[in-house]
Each structure stands twice: as C-alpha cells, then as structure tokens.
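Dear colleague,

I am passing on the structure that we talked about, together with some notes on what turned up when I went through it. Please open it beside this message and read the two together.

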Amino acid sequence: MSQSNIEIVLYDLACTKNICFSPVVWRIRLMLNYKRIPYRTIFLEFPDIEPTLKELGIPPSDSGTYTVPAIHHLPTNTHIMDSARIADFLESTYPDPPLPLTSELGRKIETQSRKVVGTAFSASVLPREMGILSPRAQEYFRRTREAALGHPLEDLLDPEREEQAWAAVEGAIREVGELMLTHQAEGPFILGAKPSYTDFFIAGAMQSARTVHEDVFERLVGYPGYREVYEACAPFMQRKD
C-alpha cells in the first residue's frame, strides 16, 4: 500500500511476533480491515505507550492512564485513544460498509462475556503473554501486573487452579456461545448476514488468545458459537500488522 494513500496511523501493542495480539486493538484493526481503510501500524512496547501518546498531545483516560489502541487520522490531524471512541469515529467518518456498533443482543453478549468468560480467559492468557514480549516489556508487564494481582504471574499457571477457573464458568461460556447462534439461520455473524462490532469483540479476543497460546484458543472453539464467529471474521483478520 502506498504511504501517500494512508489515512490512519494505528498505535498497537508490540510483541516478538511482530503482529497484533491485543484483543482491544483487534476490534479496531478488524474495523479498518472490514472497511478497507488505508492504514499503517506503529507498534509500541508497554513502557513506551504513555510517553508516545503524551507527545502526540492525547489526553489520558478518566483514570489517568494511556492505552492502545490509539489512532491518528491524517486527513483531519485528529488523535483519538480508547477503542469505543475510535469505533464511533471510524463509523461516522467511514460509513460504508456500515457496521452496527451496538444492539440489544450484542450488548448482552459483550456484558456476559466480560463477566464470565473474561475471568477464565484472563487467567490463562495473562501469564502466557510473557512468552511473546521483549525482555524490556516483560519487566514492565511483570512489575505492573503482579502489583495488581498481589502474587507472581506463575501462580495463575497452576494446572489445577486453571482447570477450576474454566470449570467454574463452563456453563456460562456455553450460554454466551448459544446467544451468538441466535441468528444463525440468517447468516454466520451474530446479527445474521453481516458483521457487527460484537463479532469483532469476540473474534478479536479469540485471535489474541491464538497468538498468545493455541491451547487457550482451542478451549474456546470447542464451544458452540465461538468457532462460527471466528471463522466468519477470518477474512478481516488476514492483515495482522
């Protein structure tokens, strides 16, 4: 893609595989790919996110933090941080093809996913992220995450503890998957024939898991609904960098 055609600079989270692995960034990358918006990626190591975004003049979140994704919209020289705000901007600026950002079914799926799937998912993915980070990012990641957890990351990898975490939410994971199949007679996506932001929410999390560790991904695709959404979104995940 010619650099002169670029409209978006996407700030993403760096890993040693040199591809996107953040589930939150994947939601925006999926939008960019689906809408065929010309963009380029700048990967940032964990410790470089705050100083880089500060230098761009982006204000912190309400909690005072800096996160990716962030974008620079070159035609209007607009900088935006936060996936929800970026999604709103992209949909209003690039309305074709349209992407429903919310729906009653989508809100239910996203809320339940965060509540029930997120617990086990994070317990399996979080400690394994260390394996795809640079030494510099590993130090930052371990220091900040262990301070929040109150124990070493490796404690999450205790096999018995990990299995218990998944077993505790197995029924709820299955229920969320069944919700994803509500409109399966109309098409492969959550709302039927065409994707919505909720599809990208689910597929992005699954692609993140697959990049970090295939075993976590395989757990999820074993439940109804998850594989269907992931495979439907696969054409929009071909570009990963």
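The notes below take up one annotated region, one helix and then the salt bridges.

Please keep in mind throughout that this is a predicted model.

The annotated region comes from UniProt, where an unreviewed entry lists residues 21-92 as "domain: GST N-terminal". Over this stretch the chain is 42% helix and 19% strand, and the C-alpha atoms at its two ends lie 26 Å apart.

Helix α8, which runs over residues 197-212, has 16 residues and spans 22 Å from its first C-alpha to its last, close to the 22 Å expected at 1.5 Å a residue. This helix is mostly covered, with 14 of its 16 residues buried.

As for charged pairs, the count comes to 14 salt bridges, and I describe a few of them here. Side chains of opposite charge can pair when their charged atoms come close.

One of these pairs is Lys-54 with Glu-50, whose closest N and O atoms are 3.0 Å apart. The two residues are separated by about one helical turn, because they are four residues apart in helix α2 (residues 49-55). An α-helix has 3.6 residues a turn, so residues three or four places apart point the same way. Lys-54 counts as partly exposed at 47% relative accessibility, and Glu-50 is also partly exposed, with a relative accessible area of 38%.

A pair with a similar arrangement is found in helix α7 (residues 170-180), where Arg-174 and Glu-170 lie four residues apart, about one turn of the helix. These two form a salt bridge in which the closest N and O atoms are 3.9 Å apart, which falls within the 4 Å cut-off for such a contact. Arg-174 is partly exposed at 35% relative accessibility, and Glu-170 is likewise partly exposed at 35%. Elsewhere, Arg-142, Glu-146 and Glu-154 are joined into one network by salt bridges that share partners.

Which parts of the chain does the salt bridge between Arg-219 and Glu-163 link? The side chains of Arg-219 and Glu-163 meet at 2.4 Å, N to O, and the pair links distant parts of the chain, with Arg-219 in helix α9 (residues 214-221) and Glu-163 in helix α6 (residues 159-168), 56 residues apart. Both ends of this bridge are partly exposed, Arg-219 with a relative accessible area of 25% and Glu-163 with one of 43%.

With best regards

Conventions:
Residues numbered from 1 in each chain as written. Predicted model: local features only at pLDDT ≥ 70, side-chain atom pairs only at ≥ 80, totals over all residues. Heavy atoms only, no water. Expected span 1.5 Å × (residues − 1). Buried < 20%, exposed > 50% of the residue type's maximum accessible area, 1.4 Å probe, protein only. UniProt positions renumbered as here; feature names shortened; annotations may be inferred.
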